[in-house]
Amino acid sequence: MASFDIVSKVDPQTLENAVNTAKKELQTRYDFRDTKGGYELNKADNSIELASENSMKIKAMEDILMGRVIKQGLDATCLDYSAEEKASGALIKKTLKVRAGIEKDLSRQIQKLIKDSKLKVEAQIQGDQLRVTAKKIDELQAVIALLRANAATLGQPLQFVNMKS
């Protein structure tokens, strides 16, 4: 039986490089001169904290970070921008969660998408990843093509690893 795993991983070193280059760009930009705050990468809970004096600067910081993440070769959807801004003294802080691992709801959605495609494959949820098995490798490649075509609706970067035939 041929199989492969569907995972969602972000290389921590590449993410750290993206945050560090965003910090450097923030220091050189004229509109951020003499401002407090910046970026803080928290590796323990897989998040990035943005802090600045107003929400307009937070939005500009998000744009800078997004550009740096893309230039480092990471998928732009690996960061969750849905968190609300919160006031903390004189600064406004926003925490961006780094999406790593496939959550149960998304894995069920992917499993349903594969089932609805009528391909002769079987998808099993294994923790924070999915294992897809089939008799023919061509069917597995069809599943990969299906998921890449529906990547925008899934909203999370997926990688296909551990292909065995």
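Let me begin with one residue pair, because the rest of the sheet can be built outward from there: in strand E8, the bridge partner of Ile 6 is Leu 130. What we are looking at is a predicted model, and what I say about pairing and packing should be heard with that in mind. Ile 6 and Leu 130 belong to the pairing of strand E1, residues 2-7, with E8, which is antiparallel and extends over 5 bridges.

On its other pairing, E8, residues 129-134, is joined to strand E7, residues 121-126, again in the antiparallel sense, and here there are 6 bridges. Within that ladder, Gln 124 stands opposite Arg 131 of E8. E7 and E8 form a hairpin with 2 residues between the strands, and in this hairpin Gly 127 takes a positive phi near 70°.

Putting these strands together, we have an open sheet of 4 strands in the order E7-E8-E1-E9, with antiparallel pairing. Its edges are E7 and strand E9, residues 159-164, each of which pairs on one side only. Between neighbouring strands of this sheet the average turn is 20°, with direction ignored.

Now to the helices that accompany this sheet. Helix H3, residues 104-116, lies across E1, E7 and E8, and runs at about 175° to E7. Helix H4, residues 137-149, lies across E1, E7, E8 and E9, and its angle to E1 is about 20°.

How do H3 and H4 pack, and at what angle? Their axes are 11 Å apart and the angle is about 120°, which makes H3 oblique to H4. In handedness, the crossing of H3 past H4 is right-handed. From H3 the residues that meet the other helix are Ile 110, Leu 113 and Ile 114, while H4 contributes Val 143, Leu 146 and Leu 147. Sorted by class, that contact comprises 6 nonpolar residues, with no polar and no charged ones.

The other helix pair I would like to show is H1 with H2. The axes of helix H1, residues 12-28, and helix H2, residues 55-71, come within 9 Å and cross at roughly 135°, so that H1, too, is described as oblique to its partner, H2. This crossing of H1 past H2 is right-handed. On the H1 side the contact involves Ala 18, Val 19, Thr 21, Ala 22, Glu 25 and Leu 26, and these meet Met 61, Ile 64, Leu 65, Arg 68 and Val 69 of H2. By class, the residues of this contact divide into 8 nonpolar, 1 polar and 2 charged.

Let me turn next to strand E6, residues 91-98, and go through its pairings one by one. With strand E3, residues 47-52, E6 pairs in the antiparallel sense over 6 bridges, and in that pairing Glu 49 stands opposite Thr 95 of E6. Strand E4, residues 79-80, is also antiparallel to E6, through 2 bridges, and the partner of Leu 79 in E6 is Val 98. Strand E5, residues 86-88, is joined to E6 by 3 bridges, and these two strands likewise run antiparallel; here Ala 87 has Ile 92 as its bridge partner in E6. The hairpin of E5 and E6 has 2 residues between the strands, and within it Gly 89 takes a positive phi near 70°.

As a general point, side chains of opposite charge can pair when their charged atoms come close. In this model the count comes to 12 salt bridges. Which residue forms a salt bridge with Glu 49? The partner is Lys 93, and the closest N and O atoms of the two are 3.9 Å apart, against a cut-off of 4 Å for a salt bridge. Since Lys 93 lies in E6 and Glu 49 in E3, the pair ties together parts that are 44 residues apart in sequence.

To return to where we began, Ile 6 of the pairing between E1 and E8 has Leu 130 as its partner, and the sheet around them keeps the order E7-E8-E1-E9.

Definitions and conventions
Residues numbered from 1 in each chain as written. Predicted model: local features only at pLDDT ≥ 70, side-chain atom pairs only at ≥ 80, totals over all residues. Heavy atoms only, no water. Axes fitted to C-alpha atoms, helices over the stretch in contact; angles between N-to-C directions. Parallel < 35°, antiparallel > 145°, perpendicular 65-115°, else oblique. Left-handed = near helix turned anticlockwise from the far one by under 90°. Contact = heavy atoms within 4.5 Å. Nonpolar A, V, L, I, M, F, W, Y, C, P; charged D, E, K, R; others polar. Pairing = 2+ DSSP bridges. Salt bridge = Lys/Arg side-chain N within 4 Å of Asp/Glu carboxyl O.
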